[in-house]
Amino acid sequence: MKIVVGLSGGVDSSVAAYLLQQQGHEVVGLFMRNWNDASVTLEDECPWIEDSNDALMVAQKLGIPFQVIDMSELYKERIVDYMFAEYEKGRTPNPDILCNREVKFDVFLETALALGADKVATGHYARLNSFKDENGKEIYQLLAGKDNNKDQSYFLCQLNQNQLSKALFPIGELTKPEVRQIAKELGLVTAEKKDSQGLCFIGKVSLPEFLKQQLQPKEGEIVEIFDDFVEFSKEKPLFSSKLEELEFLSSKIKYRKSDGKVIGKHQGAQYYTIGQSKGLGIGGHKESCFIINRDMENNILYVGEGKNFPGLYRKALKIDNSEVHWIREDLGLKNGESMDVMARIRYRQPLEKATLYQFENAFYIEFENPQSAIAEGQFAAWYRDEELLGSGVIS
């Protein structure tokens, strides 16, 4: 089988290529150049140059063909422009999930297939399984990686059956230390290389600096809300239906400036996210202050003191029907149906018990325990046992 491996210049994709080679496949290394603007990265030079060189050295060591493809324009259009638009609206996008859906398993996959590949492989810590349903149709299952500390299935939560049918995740059964050990024994240049941090394919960036490229700074006020705020102790009303209750539980509290006290200034609400505590420049508190709400219209950040501040927590979230994505389409809920699952609202968050509810007008996730910092624009993903069933953009 001919397999194109997305060599990213890191240890994970390097070992993925080696493992496939050991299995007797014809392996080709392909490096995606997705960014070429060093002005926003925190490193001295744009990391893609170093990553590309490392990927080339790995390919040479393994004796496999290697190519670089420039996708920077496509990346800017599909990922960066989308990020700017989302932040401007007061939402918090996840570029890594979009990168997998829009670039790696879309245009990159098409490019690989055009080169005669049967499948593409990446260095994700995730696993695949497949079985035939009663009609003989192949169903692909996306499973969590064996290494609990590195499981990256969440980043693949927007993939579909067709994309999974062409994908391979060779290191999904391994732990990170095992991957590093293999690279070390092979003498790969990437063996000790640190994991990349920051935005997918851009590198470590200062997000406010990055966003300032297109979103103009605009001074606004930081308003502190206190834990005796009347809304926090309000009695829960009686509901005439489950839908009404979910609508109530998933609704954000709307704050006004008069509900709290002005304690500082900021350079633009669009540069911040719900749950953020760093970079606010607020002093004089026993505990850190966390952003509990952003009023984009009036450019006000609302904050509360302490990670247990009541305004940080909600028990349910809502997803527009158009934003609900089932990897396992055969398990998708119909109007009025519900399903018990384990769910998370961000990468690395431990899975939490939850129930999905599908209604004609929207989709809801109700958690057993209230969740901290539910941010619009982020992806909620739901699992059954080790299998990732679907995801959606929090509205």
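1. Two strands count as paired if DSSP finds at least two bridges between them. In this predicted model, strand 8 (residues 220-224) is joined to strand 9 by five bridges, and these two strands run antiparallel. Among the positions that define this register, Gly220 has His266 in strand 9 as its bridge partner, while Glu224 stands opposite Lys261 in strand 9.

2. Strand 8 also pairs with strand 11 (residues 300-305), here in the parallel sense and over four bridges. One of the positions to inspect is Ile222, whose bridge partner in strand 11 is Leu301. As for its surroundings, strand 8 is largely enclosed by the rest of the structure, because four of its five residues are buried.

3. These pairings belong to an open sheet of four strands in the order 9-8-11-10, with mixed pairing. Which strands stand at the edges of this sheet? They are strand 9 (261-266) and strand 10 (289-295), each of which has a single partner strand, so that one side of each is left without a neighbour in the sheet. Neighbouring strands of this sheet are turned against each other by 30° on average, with direction ignored.

4. The loop between strand 9 and strand 10 is the place of Ile274, a residue that counts as buried at 17% relative accessibility, since the cut-off for that class is under 20%. Leaving out residues up to four places away in sequence, Ile274 touches Ile291, Ile292, Asn293 and Arg294, and also Ala373, Ile374 and Ala375. As a long-range reference, the C-alpha atoms of Ile274 and Ala112 are separated by 38 Å, with the two residues 162 residues apart along the chain.

5. Turning to the helices, the axes of helix 3 (residues 72-88) and helix 4 (residues 95-114) come within 10 Å and cross at roughly 160°. That angle makes helix 3 roughly antiparallel to helix 4, because angles over 145 degrees fall into that class. The crossing of helix 3 and helix 4 is right-handed. On the side of helix 3, the residues that meet helix 4 are Leu74, Tyr75, Arg78, Ile79, Tyr82 and Met83; their counterparts in helix 4 are Pro95, Leu98, Cys99, Glu102, Val103, Asp106 and Val107.

6. At what angle do the axes of helix 1 (residues 11-22) and helix 6 cross? They cross at roughly 70° and come within 9 Å, which makes helix 1 roughly perpendicular to helix 6. The crossing of helix 1 and helix 6 is left-handed. The contact is made by Val11, Asp12, Val15, Tyr18 and Leu19 of helix 1, together with Lys176, Val179, Arg180, Ile182, Ala183 and Leu186 of helix 6.

7. Within that interface, Val179 deserves a separate look, as a residue of helix 6 (residues 176-186). Is Val179 buried or exposed? At 0% relative accessibility, Val179 counts as buried. When neighbours within four places in sequence are left aside, Val179 is in contact with Val11, Asp12, Val15, Tyr125, Ile171 and Leu174. Val179 and Asp12 are 167 residues apart in sequence, yet 6.8 Å apart in space from C-alpha to C-alpha.

8. The structure holds 12 aromatic pairs. One of them is formed by Phe239 and Phe248, which are tilted, with 5.3 Å from centre to centre and 50° between the planes. Both partners are in the intermediate class of accessibility: Phe239 is partly exposed, with a relative accessible area of 24%, and Phe248 counts as partly exposed at 39% relative accessibility.

9. The rings of Phe359 and Tyr364, by contrast, have their planes at 75° and their centres 6.1 Å apart, so this pair is edge-to-face; the reasoning rests on the cut-off of over 60 degrees for that class. Phe359 is buried, with a relative accessible area of 19%, and Tyr364 is likewise buried, with a relative accessible area of 2%. For Phe359, a reader applying the threshold should keep in mind that buried means under 20% relative accessible area.

10. Finally, ring pairs also link several residues into a cluster, made up of Phe229, Phe232, Tyr255, Tyr302 and Phe309.

Key: Residues numbered from 1 in each chain as written. Predicted model: local features only at pLDDT ≥ 70, side-chain atom pairs only at ≥ 80, totals over all residues. Heavy atoms only, no water. Phe/Tyr/Trp six-rings, centres within 6.5 Å; stacked < 30°, edge-to-face > 60°. Buried < 20%, exposed > 50% of the residue type's maximum accessible area, 1.4 Å probe, protein only. Axes fitted to C-alpha atoms, helices over the stretch in contact; angles between N-to-C directions. Parallel < 35°, antiparallel > 145°, perpendicular 65-115°, else oblique. Left-handed = near helix turned anticlockwise from the far one by under 90°. Contact = heavy atoms within 4.5 Å.
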